[in-house]
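Here are a few friendly notes to read alongside the model. Take them one at a time, with the structure open beside you.

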Amino acid sequence: MTKQAHVSWLALGLCRLLCLLVHAHHPVEEWVSCVTEVLQPNAATVRHQLNVYGLNRAAEGTFQRDLLDQLLPALSANGSQFSVNLAPYPRTVSYNQRNFVLILLQDVRDFLAHLPALVRKNVELRGYFLLLLVPGAIAVEPVLMGSLMRRLWSVRIHNVLLAIGLGAHRIDLHGYDPYGPGCCDCSRPVRLDRCHGGVLERGHRSMPLYDRFPRNLYGCRLRIACFERAPFMQFVNTTTSRRLTGIEGSLVELMADRLNFRVSVVQPMDGRVWGRIYPNGTADGAMGLLMDGAVHLTLGGYFPYPKLLTNTTQSHNYYTTDLVLAVPEALATFSPLEQLLKPFQLTIWVLVAVELVVGFVTLRPAAVVFNFWRTFVGESVANGGPRRATARFVLLLWILHSTLLRECYKGSLVGYLTEPNPLNDIHSLAVLLASGYRLAMTENVYHKVFDGAPHHHQLSDRSQLLLIEPADGLALLERTIRTRDRLALAYTREEIIKFNERNRTVLNYRTSDEQLLTFHFAMYFKRSSPMAAVFDWYIRRVVATGFVVRWHRIHLDMRFQRPTLAATGQAEVLHVRHLLGSYLLLLGGLSLATLAFTCEVAWVRWWWPRPVSTGHHYPYLHELRQCYPPKRPLPPHTSIIRQGRLLPCRV
């Protein structure tokens with residue numbers, strides 16, 4: 001296994017056991033039996049890997065050889081195959097993340113000097129160690145032991161045992177508790193068990209030697225880096241203290257009640273809100289407070305990146321949300337012609353236009369063209385239609401096609417016109433960019449969204465982008481709703497819903513349907529903090545029992561997700577005002593037709609040239625009656641029809 005492979009698997013830490021021998025007459029067999037008693041129950045946890053070395057030459061002498069000669073056969077007596085590494089832990093290359101490290105030393109001060117190298121090597125900062133003080137060593141003073149425990153707690157090494165030989169056949173196993181009655185972050189040493197004659201008196205069932213971080217913090221005050229961001233975290237100031245509400249605030253209050261601690265809120269003052277860990281190791285915002293040790297934990301939604309994962313330990317995520325674009329509400333504006341054409345898309349209208357043009361150009365004679373048009377508009381076919389079977393079949397297909405188009409158009413037009421308030425289209429990022437909206441988001445969100453995004457999501461013009469600081473988001477929301485700027489702000493739906501609750505009488509924000517990013521809310525601790533496991537245990541059970549869903553319903557009114565301009569959503573009766581644009585077009589067409597007809601009549605009446613008279617004309621009926629009354633017979637010599645022409649009568 002390479003060093004890189006070890007680092008990637010370094011998640012659960014090392015096994016740290018400190019054992020101190022102070023009397024030379026202690027037999028090696030008792031130490032071997034005591035180490036076996038401690039190691040065997042944790043063999044699966046440490047994956048049967050043991051690292052043994054000393055900190056000075058005296059510790060690497062006869063005692064170490066005798067200890068290994070008897071310890072290795074004892075470990076494999078019950079079938080457990082341990083792999084042993086004799087190299088010092090800081091110099092190991094191929095090692096497991098969960099090692100049982102056994103260190104022999106003469107003085108605790110040697111280990112304090114060796115601890116920085118140990119911490120730099122173990123990036124997980126958590127493990128099991130066994131420190132042995134060889135025979136003839138200096139006795140461990142209580143002050144020195146307390147200093148050792150406080151130093152271990154400062155680097156988040158909690159799974160540690162310190163074995164001190166006291167008298168004949170007795171070895172005490174000491175650890176420390178960072179919290180206790182009247183003890184907050186004090187790292188008070190405590191005796192966990194005693195090896196008497198090589199056997200543990202209490203055993204592992206009564207008192208676990210490792211992974212024993214308390215679930216009672218005894219009313220100690222935990223500093224939490226957070227900030228007010230409704231509906232996730234809200235502060236309610238009372239006369240005596242500050243209470244937390246919201247989805248995350250309720251979770252913190254519940255955890256404080258169960259773990260018995262008090263909450264001290266520390267807000268980031270650099271304007272970076274959540275903050276970030278940079279490649280050079282610096283950090284800002286709430287994450288900077290955590291890395292500097294100013295707080296015990298922080299919480300919120302962070303995008304995962306390598307520095308965050310290698311420097312923090314995250315709890316189980318308790319909430320998942322999406323980042324979307326929010327824009328001020330606006331109704332869609334359509335001209336009468338757009339309202340008339342809106343039910344069909346451009347593709348359908350182009351197809352219809354092509355069909356009509358082809359029909360008018362190719363069909364002959366005029367009567368066929370006239371039937372073609374009458375069929376399209378829904379009128380009957382004149383003159384009985386065609387008589388050939390092929391032409392009748394083609395006509396039938398055209399009738400079905402035209403009928404389908406007309407009915408689809410009618411249904412779409414009625415559905416569109418009866419829509420109470422057609423809002424502008426903001427369903428995707430591409431539509432917003434095409435509509436002229438500017439995108440407002442933080443630099444981190446911008447890189448997450450557009451780096452490696454498809455071509456249609458790329459920004460062709462950087463003027464459409466407005467980079468903002470995370471702390472300026474709320475002020476920008478309020479300013480945009482007043483100025484009605486065409487800005488699309490990257491926000492979570494929950495925050496937009498909570499913002500819309502402020503004043504429902506004014507226009508508010510709508511959210512796009514497209515999800516830009518999805519991220520999880522969790523609690524973050526410094527790498528391998530013992531608190532992480534305890535908080536994670538409770539968070540998993542809080543989520544499983546439905547508390548987070550209940551807080552979501554309490555703190556969010558989903559009615560405010562519906563736009564202010566939207567009505568009840570029920571169908572509306574079609575009135576004349578819905579068809580006003582169509583009626584205006586019809587009125588314009590009739591007016592043009594009337595004007596053309598009037599001009600034609602006037603032209604014929606006053607300006608049309610009169611025909612020249614030839615002396616022969618066709619008499620009108622009254623002239624014929626004047627010449628030939630009904631009771632007067634026609635003279636035999638008179639004929640009004642001669643050679644196919646009607647001649648004038650003689651009066």
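**Notes on the predicted model**

1. Let's begin with the outside. The protein exposes about 35,400 Å², and 58% of that area is supplied by carbon and sulfur atoms. Please keep in mind that this is a predicted model.

2. Next, the make-up of the chain. Of the protein's 651 residues, 44% count as buried. Its secondary structure comes to 21 helices and 23 strands.

3. Now for how the sequence meets itself. Take the contacts in the protein with a separation of 6 or more: 75% of them are between residues 24 or more positions apart.

4. The largest pocket deserves a visit of its own. Its volume is about 730 Å³. Lining this pocket are 31 residues, and the closest to its centre are Thr 442, Glu 443, Asn 444, Val 445 and Pro 470.

5. Which element gives the most to the lining of the largest pocket? The answer is H15, with four residues. Helix H15 (443–450) is joined by strand E19 (487–492) and strand E21 (517–526), and each of the three supplies at least two residues of the lining.

6. What classes of residue make up that lining? Sorted by class, the lining of the largest pocket has 17 nonpolar residues, along with seven polar and seven charged ones.

7. Finally, try placing the pocket among the domains. Its lining draws at least three residues from domain 2 (216–318 + 522–567), and at least three from domain 3 (321–332 + 423–519). Both of these domains are written as two segments of the sequence, so take care to select each segment when you colour them.

Conventions. Residues numbered from 1 in each chain as written. Predicted model: local features only at pLDDT ≥ 70, side-chain atom pairs only at ≥ 80, totals over all residues. Heavy atoms only, no water. 1 Å grid on protein atoms, 1.4 Å probe; cavity = no way out; pocket = protein on both sides within 12 Å on 5 of 7 lines; lining within 4 Å. Points joined across faces, edges and corners; volume = space filled by probe spheres on them. Nonpolar A, V, L, I, M, F, W, Y, C, P; charged D, E, K, R; others polar. Domains from an automatic or database assignment. Buried < 20%, exposed > 50% of the residue type's maximum accessible area, 1.4 Å probe, protein only. Contact = heavy atoms within 4.5 Å. Areas by Shrake-Rupley, 256 points an atom, 1.4 Å probe, with all protein chains shown as cover.
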